[in-house]
Amino acid sequence: MMKYAWQVLLLVAFAAIIPFVGTGCSLGVSSKLGEPTACLKPDGAGTISVWMGGTRPDVEEEAANAVTLAYSFQDYHHEGVMYDSRIRILGSDFSASAIRGVGILQFPADITDFSASYDDYQGQAGSITVLAGLPSVPITPTVTLNAEAGQQLVIVRVPWELVPEFGQPEQWFLNTLNFQVNPTRDIQIKAIMAAVVKKGGDYYYLPVCPAATSFAEIPAFDIRVGAGEQEIQFPPVADLPHPGGPQVYNLDTGDVYTVRYFPRLNYTPGAHTEGFGFVNTQAEPVAATFHGYANDGQAVGESAVMNWPAQGQGAYQSDWLLGLSQATEGWTEARMTRGMLGFFLTQWFPWGFLEGLDGANVFAETMRIGVIPRIQMQNGYSTEVRIVNPSADGMTVALQRSYATSGSYIGSFPVPARGALVTDLTAYGSFDGALYLESGHPFIATATIRHGNDCVATANAVAFGDRAETLFASHIVLWPGIYSTSINLYNGGNSSDVTAEIRPYYANGTPMAAPFNVTVPRSATVTLTDTQLGLPDGASSEGWLEIRSPGKPLAGCITFGDPARHLYESTLPLQAAGSKNFYYAQVANGDVGGVVYSTGISVVNPSTTTPVNISISVHKSDGTLNGNVVNRTLAPGEKYVRQLSTMEGIGTLENQASGYIHVTAEAPVLSFVLFFDQQFNFMSAVQAQSK
Amino acid sequence: MWPTLGTIGGHSVYAYGVMISLALGLWLVLAVLFRERAGLTTGDVLNCALLGIAAYLFAPKLWAMAKTGSFGVAAWLDLARPWQQGATGTGPVVSAAALAWLGYCLIRRIPFLPLMDTQLPVVLLVMAVQRIGCFLAGCCYGVPTALPWGVCFPPGLPAELAYPGSAVHPTQLYYVLTFGSLAGLLLLARPRPARAGAVTAAGWLGAGLAYAFVTTLRGDHGAAPLSPWATTTQLVALAFAAAGLALALAVWRRARFLESEFLSGPADAAQPVAQSNRRIP
């Protein structure tokens with residue numbers, strides 16, 4: 001055997017290495033793609049090479065004078081990094097079929113001799129049209145995308161016929177841009193992916209990714225002389241001026257804005273209303289207008305232009321904002337110059353007093369498949385489901401109920417353009433569980449769950465793609481007879497039953513109970529309450545928990561409430577991942593107008609090995625600090641839970657009925673906020689939001 | 001479907017790579033078992049294995065360089081980094097391996113067709129195992145289908161990224177079935193010695209047609225069209241099928257000649273048939 005030693009050695013080496021590098025045989029996209037590279041030789045000859053692939057955008061809406069396009073760019077070099085963007089184009093005299101795509105790059109103005117080519121190394125190769133030396137390009141008739149001082153814009157137009165239709169397999173090409181730098185020196189460039197629309201005789205270039213209207217907001221990357229092939233690192237989404245929702249370009253009026261959706265507008269004078277609020281996390285002021293629509297799609301009111309200062313917060317009652325004087329039911333769209341983080345609060349005044357209040361985050365994005373993780377219709381509960389169609393096309397939505405043992409189809413229902421479908425589902429049979437929603441059109445949805453007239457809880461629909469294999473509840477608590485915690489776990493989209501492992505922890509990070517398994521049947525929703533979550537029976541205790549279902553993503557929500565009297569209740573979605581920088585868009589604390597509010601915050605370090613430093617700051621609505629910044633180090637697995645006024649080092653807090661909380665951490669942490677009145681007439685959980 | 005089997009020392013262990021290793025091991029075991037039938041030594045088997053690995057690592061990149069005329073430094077540097085795999089492509093790999101083995105046989109003066117007759121069924125079996133790896137990795141997937149055996153791949157795999165939420169043809173398993181069953185038939189076949197090359201011909205013809213047909217159901221970009229009616233790998237597969245058909249005709253004509261010559265000859269001439277065959281080129 002020794003005489004074959006070198007052959008055997010090579011074969012063994014190959015057999016040993018290939019399991020670590022052989023990811024798949026035709027994964028050309030991940031294997032043949034080098035990192036995007038740039039090169040600038042000493043003679044000034046420069047090159048940028050990027051493997052790019054994709055399809056044309058998904059046309060989500062195509063109606064007279066309105067088109068919505070959804071783009072998705074995936075960075076194959078960094079797992080899980082996606083750049084999702086949606087743009088809505090309003091205006092007459094154009095069609096979706098006439099929309100093309102280009103790259104717009106910003107180079108120093110003296111760079112010359114641009115040329116570009118594509119090659120798929122499968123037989124398709126050719127040249128790419130390049131337009132250089134442009135000082136600006138029009139975005140709309142009144143807004144232009146300008147080159148910064150001393151810079152030029154370069155448009156790179158990939159042949160559209162090489163871009164497959166949406167839904168077809170991607171085609172990948174190595175795109176190469178050549179240029180000449182004279183005098184030779186290090187340079188900086190910036191880039192935007194844009195849609196091109198021809199309207200009348202004019203072309204408009206609509207930024208898609210990032211959807212920014214100024215190159216000053218976009219991070220640059222360097223190309224250094226003589227440094228050989230330099231990898232280009234695309235910035236993460238958080239570093240881009242991403243509006244966090246669809247960017248709207250009105251080619252008739254010239255307006256450019258982004259939108260947020262409030263799914264519920266339910267106003268009856270003296271009985272119930274909605275509050276809408278935003279926090280502006282940016283360094284620039286933001287102007288916003290609110291536009292109310294009835295369930296049938298008709299406009300019912302429009303606000304004046306409202307201004308949010310940089311780092312400011314503001315919340316307003318919907319009836320005041322929209323000028324409503326009579327009972328109105330529908331939904332609201334907010335249009336703003338830059339993206340903001342928002343929330344809505346449903347308030348219930350059955351006898352003139354605030355008896356029920358709960359809120360949820362405003363929708364920045366729509367979905368086509370989603371699940372409302374909590375529907376409760378039995379034992380004195382009722383649930384009103386509201387499905388909003390924000391597009392200019394009518395749509396049909398299919399609903400499937402999910403209950404403890406399985407799921408079943410309810411039916412398909414029409415939703416008018418710009419309208420809403422409101423149903424309590426009672427006519428289709430009473431059940432507790434969750435509701436699956438699917439449509440060919442984008443929608444948003446929410447459920448309002450009430451127990452008599454005493455408490456109200458809100459559960460927003462979760463996009464199906466946001467289901468996760470690990471879910472966290474950053475706060476579970478049991479005060480027997482007074483305060484209860486329950487969790488809904490929904491198993492939709494998996495082909496079989498799911499065995500989920502529950503791991504409850506005390507606040508100090510020690511296990512509350514040994515991990516245990518819960519089976520969630522296919523298409524079913526299982527509700528676990530108090531001791532079923534591992535909370536000790538008959539004792540007051542609190543902690544947090546983790547739910548694992550490897551390979552089988554689940555959706556879920558957590559509900560806090562008063563099990564005996566049902567005076568208060570609040571629901572919020574389970575978290576799939578932590579965050580290092582997040583906001584709570586509403587704070588109420590102290591005696592304000594005779595109502596004594598309290599706000600509690602919970603922050604959990606989910607790491608079992610590494611401590612994490614966190615900072616918590618409470619802000620008034622004008623952005624100024626209320627009290628001091630609280631800095632803490634959380635041990636592995638530790639949960640920090642306090643009422644705001646009892647946080648160590650917070651100092652003296654002024655009473656406030658509005659404002660926001662900002663939390664930063666060195667590593668991802670889990671968190672949520674509860675605010676309630678001293679008499680426990682209501683309680684509202686607030687979900688963390690990241691920029 | 002199950003792209004990663006776990007981690008070792010913080011490094012992911014990929015199911016596809018493991019199946020490639022298993023396929024290599026299977027090939028070595030069977031090739032060593034059958035080596036005498038093919039007139040090979042153990043050293044020949046090991047050398048052929050190394051040539052196959054070289055084809056796997058370098059042929060797709062060389063093919064891409066040749067097609068595009070890209071012979072710059074970057075292309076050669078890329079070629080010199082075998083751990084950075086290219087878009088593999090069955091066509092270039094199989095073609096290069098066949099050519100490499102033909103060259104090896106010429107140098108070592110080993111009859112090529114008897115070698116192929118014993119090795120091709122094993123190679124097809126190995127390709128079937130490799131395609132199990134494709135299925136686990138979620139590559140080489142098919143177009144969407146409503147047929148009951150359509151497969152929904154888990155989120156994040158290439159098939160799911162291309163067709164989110166859709167059941168697709170499990171083309172990987174079609175390859176497994178066709179290659180595996182063809183390998184089984186060819187391993188069972190015992191053609192008369194006068195028909196050396198018959199197994200190879202049947203294997204090329206069957207595998208070429210099967211590959212070309214299954215590939216029509218492919219939905220991944222790896223099967224990007226080279227012409228309006230066929231992909232690169234389909235053209236290679238059809239070329240193999242055509243070569244198999246031509247070889248089958250040649251084998252049949254030669255066998256008819258040999259068998260008729262000896263059968264019609266003197267009674268004692270029937271004895272040296274096997275020896276006579278060795279003289280036939």
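Trainee: The side chains of which two residues meet in a salt bridge with an N to O distance of 3.8 Å?

Mentor: As a general idea, side chains of opposite charge can pair when their charged atoms come close. A salt bridge here is a side-chain nitrogen of Lys or Arg within 4 Å of a carboxyl oxygen of Asp or Glu. The side chains of A:R632 and A:E648 meet in such a bridge, at 3.8 Å from N to O. A:R632 lies in strand 47 (residues 630–634) of chain A and A:E648 in the loop between strand 48 (639–643) and strand 49 (660–677), so the pair ties together parts that are 16 residues apart in sequence. The model is predicted: local features need pLDDT of at least 70 and side-chain atom pairs count only at pLDDT 80 or more, while totals for chains, interfaces and linings use all residues. Residues are numbered from 1 along each chain as its sequence is written, chains are lettered from A and ligands numbered from 1 in the order in which they are written, and side-chain values use heavy atoms, with hydrogens and water left out.

Trainee: Is A:R632 buried or exposed, or does it fall in between?

Mentor: Buried means under 20% relative accessible area and exposed over 50%, with partly exposed in between (1.4 Å probe, protein chains only). A:R632 is partly exposed, because its relative accessible area is 23%. A:E648 is also partly exposed, at 36%. Elsewhere, salt bridges that share partners join A:R264, A:E274, A:E329, A:E384 and A:R386 into one network.

Trainee: How many salt bridges does the structure hold, over all chains?

Mentor: There are 23 over all chains. One of them joins A:R374 and A:E569, at 2.5 Å from N to O. That pair links distant parts of the chain, with A:R374 in strand 27 (residues 367–375) and A:E569 in strand 42 (residues 569–573) of chain A, 195 residues apart. Both A:R374 and A:E569 are buried. Another salt bridge pairs A:E333 with A:R335, with 2.7 Å between the closest N and O atoms, and both of these residues are buried too.

Trainee: What pattern does chain B follow along its sequence?

Mentor: Helices (H or I, at least four residues) and strands (E, at least two) are DSSP runs, numbered from the N terminus. Chain B reads β-β-α-α-α-α-α-α-α-α-α-α, that is, 10 helices and two strands. Of its 281 residues, 49% are buried.

Trainee: What span should helix 5 of chain B have, and how far apart are its end C-alpha atoms?

Mentor: The expected span of a helix is 1.5 Å times one less than its number of residues. Helix 5 (residues 112–137) of chain B has 26 residues and should therefore span 38 Å; its end C-alpha atoms are 35 Å apart, which agrees. For helix 1 (residues 15–33) of chain B, with 19 residues, the expected span is 27 Å and the end C-alpha atoms are 27 Å apart.

Trainee: Where does helix 5 of chain B bend?

Mentor: The bend at a residue is the angle between axes fitted to the seven residues ending there and the seven starting there. Helix 5 of chain B bends by about 35° at B:Q119, and the proline B:P121 follows within four residues. After this helix comes B:G138, with a positive phi near 80°. Of the 26 residues of helix 5, 22 are buried, so the helix is largely enclosed by the rest of the structure.
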